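Student: Could we go through this model together? I should like to begin with the metal site and then turn to the sheet.

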Amino acid sequence: MEDLAAHSAPLIVARGLTKQFGELKAVDGVDLDIAPNECVGFLGPNGAGKTTLMRLVFSAIAKTAGELTVFGLTPMQQRKQINAHVGVVFQDNNLDEELNAAECLLVHALYCGLDHRTARRRIAALLDWLSLTAKADSRIRALSGGMVRRLMIARALLNSPKLLILDEPTTGLDPQVRHAIWAALRDLKRQGMTILLTTHYMDEAQQLSDRILIMDRGRIILSGPPNDLVEAHLERYVLQVSGLPAVPRLDGDIRHEHAGDADYFYANTEPPLQALHERLAAKYAILRHANLEDVFLKFTGRGLNE
Amino acid sequence: MTAAEPTVLADLRGDLRLRTNLFWSLYGVWYRHFRVYTKTLLANATPPLLEPLFFFTAVAIGLGNYVQPGGFEGLSYRTFVASGLVISSAMFTAIFETTFGTFVRLVFQKTYDAMLSTHLRVPEIFIGEMLFAATKGAVFSTVVLLVTMAFGARPTAWCVLVPVVGLLTSYLFAAIGLIVTSYVKMINNFSFFTTGVITPLFFFSGTFFPIKGHYVWLDVLSNALPLTHPIEISRALFEAHFTPATLAHVAVLFAYIAVCHTLALRRMTKRVLS
Ligand SMILES: Nc1ncnc2c1ncn2[C@@H]1O[C@H](COP(=O)(O)OP(=O)(O)O)[C@@H](O)[C@H]1O
Ligand SMILES: [Mg+2]
C-alpha cells in the first residue's frame, strides 16, 4: 500500500460528480473538497442522494459523470488502495446474524487483511472501547439496537481507517446511546480521523461537524460551519406559533413564513417578537433562537416533498 | 461508555500491516462462509446429506433388486448408483449455495456491501464463495462415498480421487449458480431453474442408468450436459478403467469450468456494482 499519511491535500475532491439511475439523477453535479481531519455532516431529506454520494466514495458504485478522487486516487480503478483505508458504517445493519459479536468482527477483520492474532487484539480493544466486551459471545439477534450500532462502528474501525463514513449512525436510537456514540466519534476526530456523516438530526450534525452540507435532489444546496449557516441565512430569533387563526399585521422588522398549521416569525432582535408574542397570546407559541433546523427547512421546504 | 483508554486509541491510530494479497482475500471470504455454515452445521448439512442417501436406499437397494443382475458397465447396481450420487450431491450443495444462498446474501442480508466496503475486489469475493462451495462439494462427495460403501457399494482404490471430482463439480455448479443469480430479481424465480434445469440434469446425466446407446438424440443431449462429464469420470474411478473418452470428459469438465467461472465473475461484477 502506498503511504497515504503524506497527503495533506484534500482527502476527497469532487467536481461535477453525477450518478444517474436510469433517468433519476441521484447525485447531480456535486463539488466537494474534504480536508484531512475534517468532520463533514451531510443533511438532506430522504432520497436527497446522501447514501449514493457515500457509495461513490468507497467504490460501491461507478459514477456516471464528473470527477472524483479519494486520497488522490480514483475510485473503482483504485478501490483496493482506497478502501484499505476506509471504514464504513452502513445505514442498515448488515452483521452476520448467525454469528456472535466477536465472530462478526473477526470475519470482517479477515476481509480487511488482518491476521488472526492482530484481529483478536483489535477486536478486544474495540469491544472494550465501545463497552461491548460483555457481549462478545452474544448472538447479533440478542443485542439491542444501540449495541448493534456500536458493533457496526467497531467493525468499521478494524482496519484503522483514515476516513470513516457513517450513514445515519444514530437513526432510531435512544438519547443515551446517541450521546455515547457522539462521544466515541469525537474521540476519533481528536485522533485525526476524517469523518463523513449523514444524518437527519440537526443536533447530531451541529455537535459533530466542522462543516455541514445540505443536500436536496442530488445537489448540495448549502454549505458552511453549522453556526455560520444559521447566521448567514436566518434572523437570530424566531417565534413559532401553531394554530393561529389569522396572521396579524407585522411591523417592518419581522419576516413571516407559514407551513402546515404553524407560523414562523423571524427577527434579528428579541423585543419585537416578545411584543408580538404577548399580542397573539397564542397557546402554542415559543420564542427561541433560530437554529439549524430552521435553515434546513427554509432551504429544503417545510412541506413534505416525498 | 467508559472514557476512552489511551492504549485503545493509540492502537486505532497505529499503522497496521494489511494483507491485501489474493490468497488472504480468498481466505477471508471462504472463512466467513465456513464460520456461518458450521455455526449451525447440523441444521445445514443434514437434509442435503440425507437426500442422496434416500435416493440410494430407494433406488439402488430397493429398485436395484429388479435391475438386471449384472448391474451396468461391469459395476453392481449399487456401485453404479453410488458413483453417480457422489457427484450429484456435490452439484446440489454447490447450486443451492450460489442460488438461494447468494441471493439472500445479496438482497436481504447485504453481506456483499460489507465485503465491498473493504479492499476486497468483486472477483475475489465470488471466487472465495465458489471455493467454499467447492469445499462443501468435496466433503459431501466423501461422506456420500463412505456411507454408500457401508451400504454395499464397492469402490476401487482410485476412488480416493472422488473428492477431487466432487470439488471440481461443485466449483462448476457454483459458477453456474452465480450466473443464474445474476439475472434473478425475485427469489421465487429460482424454482424455474431448479425444476426446469437441475432436476432434468440430475436424471439425464447418467446417475441412475446408463444414458448411452439408447437414442442418438439422448446421447447428444447427455454429452452436452455439464453433469455428465464428472459422473463419467467418477464412474471410470469406480471401474478403475480409463479410456481416451475419460480424458475427453476431463477436458470438457475443465473447459466448462473455465467458461462458467469467467462468465460468473463478469455477471456478478455487473450485478453487485449497480
Ligand atoms: N441502486 C439504485 N437504483 C435505483 N435508484 C436508486 C438506487 N439507489 C438509490 N436510488 C435512488 O436515488 C435517490 C437517492 O437515494 P439515496 O442516495 O439513498 O438518498 P438518501 O440517502 O439521501 O436518502 C433516491 O431517489 C433513490 O430511490
Ligand atoms: Mg440514505
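**Metal site and sheet**

Tutor: A:Gln91 is partly exposed, with a relative accessible area of 32% (partly exposed lies between buried, under 20%, and exposed, over 50%; 1.4 Å probe, protein chains only). This is a predicted model, in which local features need pLDDT of at least 70, side-chain atom pairs count only at pLDDT 80 or more, and totals for chains, interfaces and linings use all residues. Residues are numbered from 1 along each chain as written, chains are lettered from A and ligands numbered from 1 in the order written, and side-chain values use heavy atoms, without hydrogens and water.

Student: Which residues coordinate the magnesium ion (ligand 2)?

Tutor: A:Thr51 through OG1 and A:Gln91 through OE1, at 2.0 to 2.3 Å (donors are N, O and S atoms within 2.8 Å of the metal, 3.2 Å for Na, K and Ca; water is not among the atoms, so sites may look incomplete). The two are 40 residues apart: A:Thr51 lies in helix H1 (50-57) of chain A, and A:Gln91 in the loop between strand S5 (86-89) and helix H3 (101-112) of chain A. Helices (H or I, at least four residues) and strands (E, at least two) are DSSP runs, numbered from the N terminus.

Student: And what of A:Thr51, buried or exposed?

Tutor: Neither; A:Thr51 is partly exposed, at 27% relative accessible area.

Student: Now the sheet: what is the strand order?

Tutor: In chain A, six strands form an open, mixed sheet, ordered S5-S6-S7-S3-S8-S9 (strands pair if DSSP finds at least two bridges between them).

Student: Which strands stand at the edges?

Tutor: S5 and S9 (219-224) of chain A; each has a single partner strand, so one side of each lacks a neighbour in the sheet.
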